[in-house]
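The exercises below concern the protein model shown next. Each task is followed by a solution that proceeds step by step.

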Amino acid sequence: MSDPNARFQTVNVEQIMAQIRARIRERRGADHVDAQIRELSAERLAGLIGSHDAQVELIEKLRRGAAAAREEAPIDDSSLYGRRGPLGWVRRLLSPILALFLSPKAMLHALGRQGDSLARQEQSSAVLFELIENLVLETTRLEVEVKKLEMRVESQATRFDFAERRARAVEGMARYRSEQAPEPEGARGRATREPAGPAPAGAGAQPQGGREAETALGADARRRRRRRRGRRGGPARLPDESIASGAEQAPGGDAHAEPGAAASGAEPGESPAPEPRHEDPPTPPDHDDQ
Amino acid sequence: MKIAFIVPRYGTEILGGPEYHCRLVAERMAERHQVDALTTCARDATTWQNEYPEAPDRIRGVLVRRFANAATRDPEAFDRLSARVFSPGHTAADEAEWLRQQGPWCPPLIDYLSRHHTSYDGLVFFGGVHALSVVGLAVAPSRSVLVPAAHDEPALGLAIVREAFERPRAIAYNTPTEQRFLASRFRIRAEVQDVIGCGVDLPQHHAYPRLGPGASDATEGEAEQGRDGETEDGLVRRSPVGEGGRRFGSHLTSRGAMFRRRHRLHGPFVLYGGRIEAGKGCEELVEYFSSYVEAGGEASLVLMGVKLMPLPEEPFITFAGLLSETERGQALEAATVVVVPSPVETLSLLALEAFSVGTPVLASARSEVLVDHCLTGNAGLFYADREEFVEGLATLVADEPLRAALGRNGREYVRRNYRWDIVLSKYERMIGELRK
């Protein structure tokens with residue numbers, strides 16, 4: 001706003017209000033929906049009232065009711081004697097004789113009151129009609145809104161189901177891995193913690209140097225796997241990775257015991273956690289997994 | 001000139017309505033003419049109970065003559081009667097009884113008028129739908145001025161009221177909207193008609209230079225304007241200088257700083273002033289404002305005036321109480337936006353006072369008068385529903401240049417139409433016409 005005075009000259013409340021209303025409509029996405037709702041409510045109202053010709057005319061009359069009532073001419077002398085002219089003059093001349101039979105003033109007064117009362121009734125009917133019309137419109141709008149909300153609820157329920165199934169799948173995978181984990185853990189534990197001890201029965205054929213080589217190879221493979229997971233997991237997994245890499249560089253070369261200790265806050269001398277891959281939570285499966 | 005102002009209640013305690021309007025005009029007219037206020041001893045408009053003593057009194061230069069009411073109102077009986085009178089089929093006697101119960105029913109005042117009307121150059125009746133005006137206008141229609149302060153209400157359909165509106169020789173409308181409305185409802189026969197309204201003081205707009213840069217409760221625009229120099233509305237603002245040439249801190253010199261400090265208000269706030277009741281749209285205001293806050297709005301709501309309904313205990317709502325006129329002015333000046341939620345207004349002094357200090361208004365679109373003020377003056381926005389309120393308020397709070405532009409337009413609107421000298425000269429001209 002480089003020149004505030006220019007802004008002052010151009011400020012226009014009507015324009016601003018139009019912009020505000022446009023923004024609201026845009027937010028609601030109701031520009032065309034509004035017209036549709038009006039159409040729908042008109043149909044519904046017609047259905048409620050019926051399709052009889054007289055009733056359709058009545059609706060039109062009610063719509064114009066208030067305006068028509070105001071347009072009506074007031075009741076005065078001319079209503080009784082007609083417009084000014086020879087005949088009207090004669091009627092007025094003879095009015096004293098007429099007054100012997102009936103009271104024109106009382107008649108005019110009564111007619112006036114009736115007219116007023118009719119006009120008021122028409123106005124109130126018009127107001128009532130407008131009220132009903134607006135009620136039907138609002139009901140229709142609410143119905144559309146309720147349908148929209150129902151659809152949103154359905155959509156949310158679907159999402160919730162999906163998320164629940166996904167959570168179950170992740171839990172299942174974690175359980176599967178934890179079931180799978182102890183065997184290699186035992187092997188690895190023996191390989192790392194008892195490097196100088198006697199060879200176990202199953203591994204007796206392998207020389208000591210071969211076992212070390214296998215451990216080194218296994219560690220490499222795990223590192224590669226972690227790197228892959230790190231890449232898949234994105235930046236959010238970096239802290240875990242740093243813990244893992246820190247663990248890999250820890251003295252003693254026990255790649256599992258140290259990360260577990262780092263993650264759980266255990267001292268380095270303590271026994272490793274039973275969940276060997278606890279520090280590295282499983283990557284949530286892709287949608288295809290389910 | 002000797003002028004009588006006839007009004008149901010009169011006193012400095014009575015704020016709002018035709019009574020307040022009458023007092024403001026009478027006090028100003030009293031500086032130039034001999035002014036009497038003829039009123040009742042009532043203070044409460046729902047019961048018309050005699051509370052003030054029945055004796056002449058002088059209030060701010062105006063001689064106030066009070067007369068005791070002969071009847072009080074039973075609200076329940078009055079409601080029943082109103083229901084009957086406002087439906088078709090009632091009689092003239094019903095209307096007369098309704099008028100008596102509507103009140104204030106004060107035969108001594110009417111007697112006084114009948115005996116002394118010739119000693120006055122003009123009789124100015126405030127409000128058209130009460131017994132004082134309806135009966136009093138019949139005493140001396142040729143020297144009577146009616147300030148109708150009318151809005152669309154069922155009582156205007158009564159024959160007794162219709163006749164009263166057709167009697168006076170002069171009518172002073174508050175707004176062109178009111179004039180159009182009454183012309184559509186009645187056969188106005190007044191020879192002298194004019195839109196006069198009520199005057200509003202235009203305070204000097206350099207007393208409170210806005211906040212300097214870096215102040216905590218300044219908006220961006222306010223901060224920009226804190227430096228000396230010409231602002232966007234062409235007014236030169238200077239920071240006040242204390243002893244030894246020391247400039248006061250921004251917390252002392254900001255616009256409406258005293259009000260903000262007293263009520264611990266930080267950041268933008270929306271102000272309402274007047275009777276705090278549901279009929280004035282306050283319930284709806286609180287509800288809409290809660291929606292604004294839920295939508296992420298950062299402003300708070302401050303209400304000043306008489307509290308006639310409970311207010312929710314929310315951190316964003318502050319009740320400032322009944323303020324003096326000086327404080328009221330400070331509050332209007334301090335406000336970011338003034339909100340006028342009343343659906344029924346005949347003039348809205350709150351809106352005009354806000355315009356006069358350059359604060360933009362957010363008004364209810366249900367009041368035609370308020371919409372007319374906003375559109376004619378290009379000085380405020382209006383709302384018809386909750387969404388428009390939220391969006392309009394968010395726009396005003398966020399857009400400081402828009403507020404400044406609307407504020408300047410508002411001041412210009414008041415300067416053109418509602419300056420005291422214009423209002424008083426119109427009254428003088430009108431009463432002068434009656435003397436011819």
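**Exercise 1. Aromatic residues of chain B**

At 0% relative accessibility, B:Phe289 counts as buried, where buried means under 20% relative accessible area, exposed over 50% and partly exposed in between (1.4 Å probe, protein chains only). The model is a predicted one, in which local features need pLDDT of at least 70, side-chain atom pairs count only at pLDDT 80 or more, and totals for chains, interfaces and linings use all residues. Residues are numbered from 1 along each chain as its sequence is written, chains are lettered from A and ligands numbered from 1 in the order in which they are written, and side-chain values use heavy atoms, with hydrogens and water left out.

Task: determine where B:Phe289 and B:Tyr292 lie, and classify the geometry of their rings.

Solution.

Step 1. Both residues belong to helix H11 (residues 282-294) of chain B, where they are three residues apart, about one turn of the helix. Helices (H or I, at least four residues) and strands (E, at least two) are DSSP runs, numbered from the N terminus.

Step 2. B:Tyr292 is buried, because its relative accessibility is 3%.

Step 3. Rings of Phe, Tyr and Trp (its six-membered ring) pair if their centres lie within 6.5 Å; planes under 30 degrees apart count as stacked, over 60 as edge-to-face and the rest as tilted. Over all chains, this rule gives 13 aromatic pairs. The ring centres of B:Phe289 and B:Tyr292 are 5.2 Å apart and their planes stand at 50°, so this pair is tilted.

Step 4. An edge-to-face pair is formed by B:Tyr413 and B:Tyr418, with 5.9 Å centre to centre and 65° between the planes. Both of these tyrosines are buried. In addition, B:Phe78, B:Phe86 and B:Trp98 are joined into a cluster by ring pairs.

**Exercise 2. Charges over rings**

Task: identify the ring that lies beneath B:Arg43 and the ring beneath the charged end of B:Lys307.

Solution.

Step 1. A charge sits over a ring if NZ of Lys or CZ of Arg is within 6 Å of the ring centre and within 35 degrees of the ring normal.

Step 2. B:Arg43 is placed over the face of B:Tyr52, 4.8 Å from the ring centre.

Step 3. The charged end of B:Lys307 is over the ring of B:Phe319, at 5.1 Å from its centre.

**Exercise 3. Strand S14 of chain B**

Task: establish which residues of strand S14 (residues 337-340) lie on each side, and which strands pair with S14(B).

Solution.

Step 1. In a regular strand the side chains alternate between the two faces of the sheet.

Step 2. In S14(B), B:Val337 and B:Val339 are on one side and B:Val338 and B:Val340 on the other; all are buried, and both faces are thus covered.

Step 3. Two strands pair if DSSP finds at least two bridges between them. Strand S11 (residues 269-273) of chain B is parallel to S14(B), with two bridges. Strand S15 (residues 361-364) of chain B also runs parallel to S14(B), and three bridges join them.

Step 4. B:Val338 is the bridge partner of B:Leu271, and B:Val361 in S15(B) is the bridge partner of B:Val338.

**Exercise 4. Salt bridges**

Task: locate the residues that form salt bridges with B:Glu27 and B:Asp201.

Solution.

Step 1. A salt bridge is a side-chain nitrogen of Lys or Arg within 4 Å of a carboxyl oxygen of Asp or Glu. The structure contains 26 of them over all chains.

Step 2. B:Glu27 forms a salt bridge with B:Arg60, with the closest N and O atoms 3.8 Å apart. This pair links distant parts of the chain, 33 residues apart: B:Glu27 is in helix H1 (residues 17-30) of chain B, and B:Arg60 is in the loop between strand S3 (57-59) and strand S4 (62-67). B:Glu27 is buried, because its relative accessible area is 13%.

Step 3. B:Asp201 forms a salt bridge with B:Arg28, with the closest N and O atoms 2.9 Å apart. Here 173 residues separate the partners: B:Asp201 is in the loop between strand S8 (192-195) and helix H8 (220-225) of chain B, and B:Arg28 is in helix H1 of chain B. B:Asp201 is partly exposed at 45% relative accessibility, and B:Arg28 is partly exposed at 24%.

Step 4. A network of salt bridges links B:Arg23, B:Glu27, B:Arg60 and B:Glu325.
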